[in-house]
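Thanks for passing this one along. Here are a few notes to read with the model open beside you.

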Amino acid sequence: MHALLFGLALVSLTICQAKCNSGGEGCLMSTSSDESSLLQVGSLQHSETQRQAALRALWNGQDLPEEVMSNFMQDLPTSLTLTDSNQTSSSVGYVLLGSFDSGTNLFEVTAGLNFPSVSILKPVWKHSTLGAEAIAQAIKERSTTKPKDIVLVILLRSPIAQIVSWKKESYNLRGCGDRTYSSMDKPCIGYTDMISEGGCLQYSRHCNPHEFTSTMDAYNTYLAQYQDLKKHDTFKKVLMLGYEDLVLDADKVMKEFGEACDTRIPKEIQLQEDPAKDHGDPCGRSEAEAKIKSRSWLEELQQSEVKLFCKDLKRSLIEDRFEGSYRKREQQVPYTKDCD
């Protein structure tokens, strides 16, 4: 069953990406990344290769297509079904927000592994840039859960790493990410101003475009919106969490999340990792951790391109953000590091 689920899901991914390549509507993905290439061969390669590709994409913070993510959730070792006789649904639920490739899928899988009784609520599209007020209002109006029983979980990522990730997978930010790094200081359009996930077909007249002054302005827009949401006292709590922390210190991230949701913390935090230890290739968490520590995304950029991004970065939005924020101060790396 495990191999079948991933096989079918990854074949579906190949079909979806083919639609994108042919200009088809309804597919919110680009196809330029190495990770996507690995996933595309799902119908041709051994199931273990499929699983490694999916795990690598997940731990790299990548957004997985709905079919792949759905089967990932169904195949978790810990049941996510709240009708299980051994589980009692928590009165607290959470809403997940974050820009593309900021680790939202990784968080959802990890939270599901450890807190299956805490429901994820999806009243709004998690990648929306419609603004804090509109998002907060939509959550209140579209959720049956009371606002004071809702925890907002917002995923963030270091700015230069985030933009390099968008270059590989642009999704609805294709106009901002699918271009040369040297042209990313120019204005661009993203199709992100919507509340419902199904409210936009990429490049169709049904989209609500958002005009950005540059690719980094898209990053600034997300951060400013989330800072405004954090000021809201409408919800039980607003957690702004770093993708890097989720990779480096998942146990501490999950503990903070569990406490915010007033639920029991497991004695041992479970992670979705490759159970095979003999294939020889780093896959999943260890590979993602190595990339963060080595800052491997900088290898893809010229110094002039880094400077181009940094001149548009609103540093005040990330001055209190650190990679490894649960660690000792001397071990923390500021989000501004690549621009210092």
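1. In what sense do strand β1 and β2 pair, and over how many bridges? The model is a predicted one, and in it β1, residues 93-98, runs parallel to β2 with three bridges between them. One residue to look up here is Gly93, whose bridge partner in β2 is Ser119.

2. That pair belongs to an open sheet of four strands, ordered β2-β1-β3-β6 and paired in parallel. At the edges sit β2 (119-121) and β6 (237-242), each of which pairs on one side only. On average, neighbouring strands of this sheet are turned by 30° against each other, direction ignored.

3. Helix α11, residues 250-260, packs on the sheet and touches β1, β3 (150-156) and β6. The direction of α11 makes about 170° with that of β6.

4. You may like to look at Arg321, in the loop between α13 (303-312) and β7 (322-323). Arg321 is buried but has no salt bridge. The nearest side chain of opposite charge is that of Asp320, 5.2 Å away, and the cut-off for a salt bridge is 4 Å.

5. What does Arg321 contact, leaving aside its neighbours within four places in sequence? The partners are Leu156, Met240, Leu241, Gly242, Val333, Pro334 and Tyr335.

6. Finally, the whole chain: the protein has 13 helices and eight strands, and 57% of its 340 residues count as buried. Among contacts with a separation of 6 or more, 75% join residues 24 or more positions apart. The accessible surface comes to about 15,100 Å², with 48% of it belonging to carbon and sulfur atoms.

Definitions and conventions:
Residues are numbered from 1 along each chain as its sequence is written. This is a predicted model: local features need pLDDT of at least 70, side-chain atom pairs count only at pLDDT 80 or more; totals for chains, interfaces and linings use all residues. Side-chain values use heavy atoms; hydrogens and water are left out. Two strands pair if DSSP finds at least two bridges between them. Helices (H or I, at least four residues) and strands (E, at least two) are DSSP runs, numbered from the N terminus. Axes are lines fitted to C-alpha atoms, for helices over the stretch in contact, and angles run from 0 to 180 degrees between N-to-C directions. Contact means heavy atoms within 4.5 Å. Buried means under 20% relative accessible area, exposed over 50%, partly exposed in between (1.4 Å probe, protein chains only). Lys and Arg count as positive and Asp and Glu as negative; His and the chain ends are not counted. Accessible areas come from the Shrake-Rupley method with a 1.4 Å probe; for residues, only the protein chains shown count as cover.
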